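Thanks for coming, everyone. I would like to walk you through a structure, so please have a look at it before I go on.

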Amino acid sequence: MSAHLELIYRGQPTAFRMEPVDRKRLLGGTRIIALDVEGRECPAGHLTRDGKYLLLPGSTADTYVDAEGNSVERSTLSRGDGAPAPARHAEEPVELEGPVPAHELLDGVATRVHRLDAEALHSALDAALRAGAVFRLKRPRTTDTTYLLANDAGVFLVSTEPCGFPFVGPNQAVTDTELAEDDDDSADPFAFDDATEVQR
Amino acid sequence: MTTRRIWLPDHRGRDAVVLLVPRQRSANAAPVDPSGRPVTFTRRIKATEASAPNALCQRFPDPQDLARALMQGDPEIDVEAAGRETGPCDRVYIDGCGKPTYSARLVEVVCDRHGTEIERRDPQFVPANLVPDTPPVWSGKLLRRNVAARRFAFTRAYQVQHSNALEYDFLYGLAAYLQGQDSVALVGSGPKGTGPLVPEANATAMKGLLEGRTRGPEYLLILHLAAHELLAPEGEPCID
């Protein structure tokens, strides 16, 4: 079932159907499975380090707990730095601002991509998109930025997270020891950002 | 701690191995509860192998017996284990009898875009190719920034940075060139420098595009990695 989004351009709303686009949907993907000696697929499980419990798929629960060990509902969590969590696609109509320079998209990394399909695209918006215009969705309380754009393949909605790279001068050489570990998305499965799934 | 590097060629026929710096995330972005206190992520046990649904179905083949047992004795709850933190665990594969198997054979399943299996093969090790065995080739392929931004989904980005004065000179020149062209340059593998980049072993092969800007003596050089193009799912993909 595809989601819906309503965008407002120059006071005129346009309703879109949203279809997620990712590498798996475009190119397919691979996965590794384990087979036993008779060729049957073996599901993966976990064995506790003390060897006491064999945990089959579905036999664990992931949760957040406070200092007292009480479970905390995920929907009540917020970011520690006060920044709002990335916006989900709103039920209410969202206003477009711009056009903005297309290369503004290069200031961030894409976290979600959707293809949009409209039954009746507002003519002015259609003309602007065909001419290569890029619009930004007006969402004041989020750190991520979502853009509306079009190319030969259709109309797309691209959500981005800022890169935040600074300019560097001749005296700002970095050394190996200054570099922290890469941004590892596997550390916290409940991380706020929806990084694109890495597939082989 | 890993340091990522790339062997980068430029339009002047020079090349150098330079640092790739990942984007930094806020150290204070860890989640907090409604009162502002930090929370920690834990994984807890719901059921053990003896109290898992499949095990109970095997133990009570008759549904009536199973229902009676569930109401009378709560066999689905292992009171000693349920709710405990799992702690560190080892990944194992489970055979048909619900026991760890020690002779599992790993197979790579290839699926098409509809999720249909099309091939099974031995898992292939794909090495990273940011620093190849032979000097990289400048592809010479430039794409207008505005065009690239509307054509690719850039899902990763690294800042290319210098670690000494010679590298600064090399990278600044490259950034100035790209800014002057208002373009991004295709950076890739293979004899033509147009092949996909594999940033780490067994990672997704991605298209690499280099963007450069300068501001006085400062420069900003970003390697954008595109996991895919902005295409409709039924369209023809262009990335290997």
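Let us begin where a strand of one chain meets a strand of the other: Thr48 of chain A stands opposite Cys89 in strand E5 of chain B. That pair belongs to a longer stretch, in which strand E5 of chain A, residues 44-48, and strand E5 of chain B, residues 89-94, pair in the antiparallel sense over five bridges. Please keep in mind throughout that this is a predicted model.

How many residues does each chain bring to the contact? Chain A contributes 85 residues and chain B contributes 95 residues. On the side of chain A that touches chain B, the largest share, seven residues, comes from strand E3 of chain A, which covers residues 29-35. If we sort that side of chain A by class, we find 45 nonpolar, 21 polar and 19 charged residues.

The chains also share an open sheet of three strands, whose order is E8(A)-E7(A)-E4(B) and whose pairing is antiparallel. Strand E8 of chain A, residues 71-72, and strand E4 of chain B, residues 40-45, stand at the edges with a single partner strand each, so one side of each is left without a neighbour in the sheet. Within this sheet, strand E7 of chain A, residues 60-65, pairs with E8(A) in the antiparallel sense over two bridges, and Val65(A) stands opposite Ser71(A) in E8(A).

Now let us turn to the start of chain A, where strand E1, residues 3-9, and strand E2, residues 12-20, pair in the antiparallel sense over seven bridges. Ala3(A), for instance, stands opposite Met18(A) in E2(A). The two strands form a hairpin with two residues between them, and in the turn Arg10(A) has a positive phi of about 50 degrees. E2(A) is also joined by five bridges to strand E11 of chain A, residues 108-118, and these two run antiparallel; here the bridge partner of Phe16(A) is Ala118(A) in E11(A).

Which residues have the most contacts inside the largest nonpolar core? That core has 73 residues, and the ones with the most contacts inside it are Phe156(A), Val158(A), Ala153(B), Val160(B), Leu171(B), Leu221(B) and Leu223(B). The largest share of this core, eight residues, comes from strand E13 of chain B, residues 218-229. There is also a second, separate core of twelve residues, which includes Leu55(A), Ile45(B), Val92(B) and Tyr93(B). Going back to Phe156(A), and leaving out residues up to four places away in sequence, we see that Phe156(A) touches several residues, among them Val113(A), His114(A), Leu149(A) and, from the other chain, Leu230(B).

As for chain A as a whole, it has two helices and 14 strands, and buried residues make up 30% of its 200 residues. Of the contacts in chain A with a separation of 6 or more, 68% are between residues 24 or more positions apart.

How far can we trust the prediction for this chain? The mean pLDDT of chain A is 80, and 80% of its residues reach 70 or more, but over residues 181-200 of chain A the pLDDT is below 50, although this stretch has 41 contacts in the model beyond near neighbours in sequence.

Finally, chain B is divided into domain 1, residues 4-25 together with 126-229, and domain 2, residues 44-86. Taken over C-alpha atoms, the centres of these two domains of chain B are separated by 55 Å.

Technical notes
Residues are numbered from 1 along each chain as its sequence is written. Chains are lettered from A and ligands numbered from 1 in the order in which they are written. This is a predicted model: local features need pLDDT of at least 70, side-chain atom pairs count only at pLDDT 80 or more; totals for chains, interfaces and linings use all residues. Two residues are in contact if their C-beta atoms, placed from the backbone, lie within 7 Å. Helices (H or I, at least four residues) and strands (E, at least two) are DSSP runs, numbered from the N terminus. Ala, Val, Leu, Ile, Met, Phe, Trp, Tyr, Cys and Pro count as nonpolar, Asp, Glu, Lys and Arg as charged, and the others, Gly among them, as polar. Two strands pair if DSSP finds at least two bridges between them. A nonpolar core is a set of buried Ala, Val, Leu, Ile, Met, Phe, Trp, Tyr and Cys residues joined through C-beta atoms within 7 Å. A residue is buried if 20 or more other C-beta atoms lie within 10 Å of its own, exposed if 12 or fewer, and partly exposed in between; C-beta atoms are placed from the backbone. pLDDT is the predictor's confidence in each residue, from 0 to 100. Domain bounds come from an automatic or database domain assignment.
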